[in-house]
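Work through the exercises below with the coordinates open. Each task is followed by a solution in steps.

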Amino acid sequence: METDTITAISTPTGEGAIAIVRLSGREAIAITAEFFRGKDLNEVASHTMHYGKIIDPATSDVAEEVMVSVMRAPKTFTREDVVEINCHGGMVAVNRVLEIVLASGPRLAEPGEFTKRAFLHGRIDLSQAEAVMDLIRSKTDKAMSVALKQMDGRLSGLIKDLRQDLLETVAHVEVNIDYPEYDDVEEMSHNVMRDKTKEVHKEIDDLLEVAKQGKILREGLATAIIGRPNVGKSSLMNTLVQENKAIVTEVPGTTRDVIEEYVNVRGVPLRLVDTAGIRETEDIVEKIGVERSRQVLNESDLILIVLNYNDELTEEDVKLFDAIQGLEYIVIINKTDLEHKLNLDKVKEMAEGNPIVTTSLIKEEGINELESAIATTFFAGEIDTGDLTYVSNVRHIQLLKQANLALEDAMEGIDMGMPLDIIQIDVTRAWEFLGEIIGDTASDGLINQLFSQFCLGK
């Protein structure tokens, strides 16, 4: 375990009122005391903040006016001594402080190394560490709520309970194998193994059942807006984002490329993509945009197909419906403030039960109904972040699926009457897969890879 002192800027790049340079390690306080003029930091109480100045050791000049927080181990995020230097939030000021800190001995922290040390020192497990980045990257309050609960250890506690159940089952079977004093011991062991395996399998199934919703809250719904040119796709984009991100004109083919933006729809983060109108065209630039629009369809979780209330259905509209068959989509009939020309019965037939919403974007009508349809499609209208334990991380979901497959192999072996020591191998595999979620059985390579994805200073 590394014990050297590390440092990094822990606030975002750019101008602001305050920036923070963080140090962590056994020498963090002593090193800071060397260039800090104010109270002797070696003597101050833990979890206190002190006013003073940073002195450049090379010139003895005052480099910055700061507030310094001192936090002594083990009651810190990393369970090491931690110092946070609060300086003015300009690039020149914070970089000057960091240069002085680095010249005094600490090394620059690697991405995610502060959180990695918290994990290595046992303050948090791996799933809680990953929740730190989920919290930082949250796009909505619901996503933030899920990340906070994972940081608090809700998922960790559940995984640990499941692993303990499997461990006790394996131990029970091993005892019965080692001490077979009774004739019915093997039958009893098979029954115990079957009951507990089914129970754990059911609990994992329950987690996976809401995993899709958790993944949506974490990553957002990749949502494509498609339709013929000039049906209101860009207007829909601007309405949902609540600013003019896309150019809106009466000229078909105005949108030439894919435009992306995140938007919060009733707690559901949408990665909204306004595509170029899909149509046959001889314009080379527009043709490239149309081709990109077709690619976006295959990568989308949700498609919003926009039709014009004031136009009759065209062959291009029909081709769009054919292109999205089997995908999740909502039909939006726009421009209801204009004369009715669209064959609604035909639209309902082509929609095949998918939601249909009518809007007049120019009058801002129908947006609430559209937001309700999106929420209902993926969350039955309500997003419960209170009692549910959401699994939102793709790595966790994959490991849960692997654990369940191992348990299914074990149950199949039990039904076939296979020896208990063979069945036990599959149960142990499931135990190990669950352990990877919280880091108990994760390899050093996996741990390093995960923390390398963190931002510098976290």
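## Exercise 1: a long-range salt bridge

Asp440 and Arg163 form a salt bridge, with the closest N and O atoms 3.1 Å apart. The model is a predicted one.

**Task.** Locate Asp440 and Arg163, and state which parts the pair ties together. Then classify Asp440 as buried or exposed, and do likewise for Arg163.

**Solution.**
- Step 1. Asp440 sits in the loop between α15 (420-438) and α16 (444-452). Arg163 belongs to helix α6 (residues 154-178).
- Step 2. These parts are 277 residues apart in sequence, so the pair ties together distant numbers in the chain.
- Step 3. The cut-off for exposed is over 50% relative accessible area. Asp440 has 52%, so Asp440 counts as exposed.
- Step 4. Buried requires under 20%. Arg163 has 7% and therefore counts as buried.

## Exercise 2: two further salt bridges

**Task.** The whole structure holds 17 salt bridges. Which residue forms one with Lys202, and which forms one with Arg228? Place each pair in the chain.

**Solution.**
- Step 1. Lys202 pairs with Asp206; their closest N and O atoms are 3.0 Å apart.
- Step 2. Both residues lie in helix α7 (residues 185-209). They are four residues apart, about one turn of the helix.
- Step 3. Asp206 is partly exposed at 35% relative accessible area. Lys202, at 48%, is partly exposed too.
- Step 4. Arg228 pairs with Asp317, with the closest N and O atoms at 2.9 Å.
- Step 5. This pair links distant parts of the chain, 89 residues apart. Arg228 is in the loop between β8 (221-227) and α9 (233-241), and Asp317 is in helix α11 (residues 315-323).
- Step 6. Arg228 is buried at 10%. Asp317 is buried at 2%.
- Step 7. Elsewhere, salt bridges with shared partners join Asp4, Glu80, Arg107, Glu113 and Arg117 into one network.

## Exercise 3: the surroundings of Asn308

**Task.** Where does Asn308 lie, and which residues does Asn308 touch, not counting those up to four places away in sequence?

**Solution.**
- Step 1. Asn308 is in strand β11 (residues 302-308).
- Step 2. With 5% relative accessibility, Asn308 counts as buried.
- Step 3. A polar atom of the Asn308 side chain lies 2.8 Å from the backbone nitrogen of Asn310.
- Step 4. Beyond four places in sequence, Asn308 touches Arg228, Asn230, Val231, Asn334, Lys335 and Leu342.

## Exercise 4: reading a sheet

**Task.** In what order do the seven strands of the open sheet run, and which strands stand at the edges? Then describe the pairing of β1 with β7 and with β2.

**Solution.**
- Step 1. The order is β3-β4-β5-β6-β2-β1-β7, with mixed pairing.
- Step 2. β3 (36-37) and β7 (107-108) are the edges. Each has a single partner strand, so one side of each lacks a neighbour in the sheet.
- Step 3. β1 (residues 6-9) pairs with β7 in the parallel sense, over two bridges. Thr7 has Leu108 of β7 as its bridge partner.
- Step 4. Helix α3 (residues 113-120) packs on the sheet and touches β1, β2 (16-24) and β7. Its direction makes about 135° with that of β1.
- Step 5. β1 and β2 pair in the antiparallel sense over four bridges. Ala8 stands opposite Arg22 of β2.
- Step 6. β1 and β2 form a hairpin with six residues between them. In the turn, Gly14 has a positive phi of about 125°.
- Step 7. Side chains in a regular strand alternate between the two faces of the sheet. In β1, Ile6 and Ala8 are on one side, Thr7 and Ile9 on the other. All four are buried, and both faces of β1 are covered.

Key: Residues numbered from 1 in each chain as written. Predicted model: local features only at pLDDT ≥ 70, side-chain atom pairs only at ≥ 80, totals over all residues. Heavy atoms only, no water. Buried < 20%, exposed > 50% of the residue type's maximum accessible area, 1.4 Å probe, protein only. Polar contact = N/O pair within 3.5 Å; in protein donor to acceptor, adjacent residues only side chain to side chain. Contact = heavy atoms within 4.5 Å. Pairing = 2+ DSSP bridges. Axes fitted to C-alpha atoms, helices over the stretch in contact; angles between N-to-C directions. Salt bridge = Lys/Arg side-chain N within 4 Å of Asp/Glu carboxyl O.
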